[in-house]
Structures are given as structure tokens and as C-alpha cells.
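Here is a walk through one protein chain, taken sheet by sheet and then through its charged pairs. Keep the 3D view open and follow along.

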Amino acid sequence: MRVLILDPFHGAAGDMITAALLDCGADRDIVVRAMKAVVAEPKISRVTRAGIQALRIETKALPVHRTLDEVLERLDAAAPHVPAPAMAMARRVFERLNAAEEEVHGGHVHFHDVGADDAIADIVGACTALHTLGVDRVHILPITLGHGTGTGSHGTFPIPAPATAAILRHANLSTISGIHAAELCTPTGGALLAEFHAAAGAPGELPAYTIKALGYGAGTKDPAHAPNVLRAMIVETTGTATGLPEDTVDILETNVDDVSGEVIAHAIARFMDAGARDASATPIVMKKGRPGYLIRVICLPESSVVIAELMARELGTLGIRCIPSVHRFIAERTIEEIDVEISGQRKKLPVKLGWMHGSVYTLKAEFEPAREFAKEIGIPVRDVLRIVEEQARQQMRN
């Protein structure tokens with residue numbers, strides 16, 4: 001299993017996370033293009049923080065105050081230049097920030113620092129970077145928050161900032177104060193880590209692993225007493241001694257009999273965008289012989305409340321059943337680029353591989369890249385999927 005480990009031993013901010021992921025091997029061209037769609041092309045440089053070399057990213061944007069709707073409009077304008085899964089994640093990050101601001105301040109709020117163009121670019125950049133890394137899981141070590149007081153748009157505030165504390169209260173992430181009197185984890189940094197954890201979090205302790213890539217993202221300041229960096233590592237785990245890797249999920253269910261198939265399809269897509277591990281609709285016969293559907297969503301425990309609320313809103317249902325803490329076994333998986341040739345055209349296409357005891361036992365071509373290639377060469381996507389998987393199996397045997 002390919003896992004991203006984030007170590008915010010000196011806190012986290014949006015620029016630090018983006019830079020650390022770039023330093024760890026994220027696709028720079030795709031990330032820069034995504035960030036450039038929000039503001040000017042970012043400046044990326046190599047710096048030193050207390051003796052550690054790190055990547056620094058600067059967007060050079062002016063501060064502005066925006067509502068959530070205004071931020072989402074700006075994201076919509078940038079959408080053609082950002083991978084769809086990364087954009088969906090960026091929207092969820094801002095929804096977390098907005099919920100925290102409303103919890104702290106109440107009512108209709110304006111973003112302050114986190115509504116600036118540079119914060120939007122950092123969030124889009126971080127989500128895009130994570131997407132390009134293609135990891136199976138994200139494991140976040142304890143977040144150092146700092147302590148004391150700081151100064152912001154509302155005057156003096158306690159550290160961690162109220163919005164940061166509100167975000168992390170719902171995130172089920174470990175935190176420590178640390179020894180430094182400063183704001184080490186910003187609301188943007190906290191929201192990104194919370195979303196990364198909800199979307200692909202790895203609960204508990206990791207099994208043994210080997211480090212495949214290492215990166216450091218630099219913060220703005222360069223204090224002498226500690227390296228102001230966030231560390232990222234790409235590792236590959238070797239599974240568990242008992243066999244397949246394991247995790248715990250919640251199962252959410254509801255019955256509906258007055259919702260069209262189009263609405264159900266849209267709802268399932270929304271659930272997956274919100275971090276669900278899987279979602280399905282099964283035809284059933286309800287009371288008085290009425291036809292209906294059983295909607296079932298599998299998600300991580302920390303996402304269940306958010307997704308349950310989304311189920312209620314999208315489906316209009318009045319009750320969601322939660323089967324909590326279901327233990328499951330999961331196969332190790334990787335995504336490999338397979339060199340394929342179809343109709344005289346060569347292209348590298350991603351294939352998801354399932355591993356057991358060191359051998360590939362199943363594989364599946366990723367649909368969207370195959371669909372795009374099918375459009376390029378003018379043949380049915382089902383044929384492309386079949387040929388890619390056949391050639392992938394052949395390459396695995398060789």
C-alpha cells in the first residue's frame with residue numbers, strides 16, 4: 001500500500017502543505033497550472049529553515065474578504081484547469097472552513113485571510129498535489145498547534161485560533177501544543193489536514209514500511225530555534241502479520257420510494273465527492289408493496305455525520321441508519337502506469353492493481369483516462385478498457 005505520511009511537527013499552513021507535496025514528487029506542471037487559474041503563477045524556490053532544505057511556494061496575492069459563495073464562484077472559474085477530484089476536495093475544504101467560521105462567529109460570515117487569493121490558490125494547489133501523488137492512504141502525525149496569543153482580522157485571539165480549534169474538534173486528529181509561543185497551525189492548514197484525513201485517512205498505527213520519497217515544505221518565517229517546515233513522506237507498507245490490511249468503517253443506510261433514478265445517481269456522486277468509500281442503490285419492495293431503493297453508503301467514521309446530513313438533504317429522507325465501527329479487510333492496492341498500444345497509438349494509462357501476499361490478484365483500468373483515450377482514437381471505451389487490462393496482465397506476467 002502506498003501511503004502519504006504528513007508530519008506537522010512545527011505546525012501546518014496551506015503553502016507548507018502544497019510545497020511539501022511538491023517536494024515529495026507531486027506533478028509540478030499540473031499543480032502550477034491549477035494554482036495559476038486562481039491567481040498569478042506561483043514562485044517556487046529552494047530555501048533553508050534552521051539547517052533543513054525545503055521547498056517554498058509563494059502566490060503573491062492581495063488579501064480580500066469573501067463569502068463562501070464568492071469563493072466557490074472563483075473555484076468554478078478555475079475548474080477547467082484543475083482535476084475534478086482535486087476541485088471537489090478543495091470545495092469540501094472551504095465548506096469546512098465556512099462551518100468553522102459560522103460556529104465561531106455565527107450567521108453569515110466573510111472569510112478573511114482564508115478568503116484571499118493566495119489561500120484559495122494554496123488549497124487548490126494542495127488538493128491537486130495530493131491527487132497527482134496517487135496515494136492509497138494518508139496518515140497524519142500529531143499536529144503541533146503552538147500556544148499564546150496572535151493578532152488577526154478580529155484583533156487578538158488565543159492560539160490555536162478559534163476557527164482552527166473548531167475545525168480540528170471535528171477531525172479526530174491528534175494535536176499537541178508544543179513549546180513555541182506562536183500560531184503554528186493555521187485554519188487553512190488545519191482544514192486541509194482534516195480533509196486529507198477524512199478522504200483517505202489511515203486509522204491507528206501503520207504496519208512496517210519503506211520510505212520511497214521525502215519532502216519538506218517551508219513556512220514564511222525562519223526562526224532560529226526550530227525548522228519551520230512540514231515533512232511529507234511517501235512510504236510503501238508491507239501489510240500486517242495476520243494477512244490483509246484492516247480498517248474500520250461506518251455503514252449508512254436509508255430507504256426511499258419517492259426519488260427518481262436521476263436524483264439517486266446525482267446523490268451517489270455527491271456522496272463519493274464528500275469522501276465516501278462506496279455508495280450503492282438496491283431495488284427493494286417497501287411496505288404496502290411500494291417499490292423503492294435501499295441507499296447504502298460506506299464511509300470512514302469521521303465522515304459519517306457530514307455524509308449522513310448530505311444524504312438527508314439530497315434524498316429528502318427523514319432518517320439515516322448508522323451501523324458503526326464495522327471491521328473490514330482491505331486489499332493492498334497500487335496504481336501503475338501501463339504502456340499500451342491501441343490502433344497504432346501508444347499511451348501510458350493508469351491501472352489499479354490489487355495485491356495479496358506479494359502478487360497481483362486483480363486489476364482494473366482507470367475509467368476516465370481510458371475514456372479520454374477512447375475519444376482520441378475513436379473507438380468504444382469498453383474496447384479500450386478491455387485492451388488495457390489485457391496488456392496490463394501480460395506485462396504483469398512478464
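**A sheet, its helices and some charged pairs**

Let's start inside a sheet, where isoleucine 338 stands opposite leucine 349 in E16. Keep in mind that this is a predicted model. Isoleucine 338 belongs to strand E15, which covers 332-342, and eleven bridges join E15 to E16 (residues 345-356), the two running antiparallel. Add E17 and you have an open sheet of three strands in the order E15-E16-E17, with antiparallel pairing. E15 and E17 (359-365) each have a single partner strand, so one side of each is left without a neighbour in the sheet. On average, neighbouring strands here are turned by 35° against each other, direction ignored.

Now look at what lies against this sheet. Helix H10 (residues 367-377) lies across E15, E16 and E17, running at about 160° to E16. Helix H11 (residues 381-397) packs on the sheet too, touching E15, E16 and E17, and its direction makes about 110° with that of E15.

A salt bridge also ties H10 to the sheet: the side chains of lysine 347 and glutamate 376 meet at 3.9 Å, N to O. Lysine 347 sits in E16 and glutamate 376 in H10, 29 residues apart. How accessible is each partner, lysine 347 and glutamate 376? Lysine 347 is partly exposed because its relative accessible area is 29%, while glutamate 376, at 56%, counts as exposed.

H11 has a salt bridge within the helix. Aspartate 383 pairs with arginine 386, with the closest N and O atoms 3.8 Å apart; the two are three residues apart, about one turn of the helix. Both are partly exposed, aspartate 383 at 23% and arginine 386 at 41%.

Next, go back along the chain to a hairpin. Strands E12 (residues 278-285) and E13 (residues 291-299) run antiparallel and are joined by eight bridges, with threonine 282 opposite leucine 294 in E13. Five residues lie between the two strands, and lysine 288 in the turn has a positive phi of about 60°.

That loop between E12 and E13 also holds arginine 290, the partner of aspartate 257, which lies 33 residues away in the loop between strand E11 (246-256) and helix H8 (261-273). Their side chains meet in a salt bridge at 2.6 Å, N to O. Aspartate 257 is partly exposed at 32% relative accessibility, and so is arginine 290 at 31%.

Finally, a spot without charges: Tyr209, Ile211 and Leu214 form a nonpolar surface patch with about 280 Å² of accessible area together.

Note on methods
Residues are numbered from 1 along each chain as its sequence is written. This is a predicted model: local features need pLDDT of at least 70, side-chain atom pairs count only at pLDDT 80 or more; totals for chains, interfaces and linings use all residues. Side-chain values use heavy atoms; hydrogens and water are left out. Patches are made of residues with over 30% relative accessible area and no salt bridge: like charges are joined within 9 Å, nonpolar side chains (Val, Leu, Ile, Met, Phe, Trp, Tyr) within 5 Å. Accessible areas come from the Shrake-Rupley method with a 1.4 Å probe; for residues, only the protein chains shown count as cover. A salt bridge is a side-chain nitrogen of Lys or Arg within 4 Å of a carboxyl oxygen of Asp or Glu. Two strands pair if DSSP finds at least two bridges between them. Helices (H or I, at least four residues) and strands (E, at least two) are DSSP runs, numbered from the N terminus. Axes are lines fitted to C-alpha atoms, for helices over the stretch in contact, and angles run from 0 to 180 degrees between N-to-C directions. Contact means heavy atoms within 4.5 Å. Buried means under 20% relative accessible area, exposed over 50%, partly exposed in between (1.4 Å probe, protein chains only).
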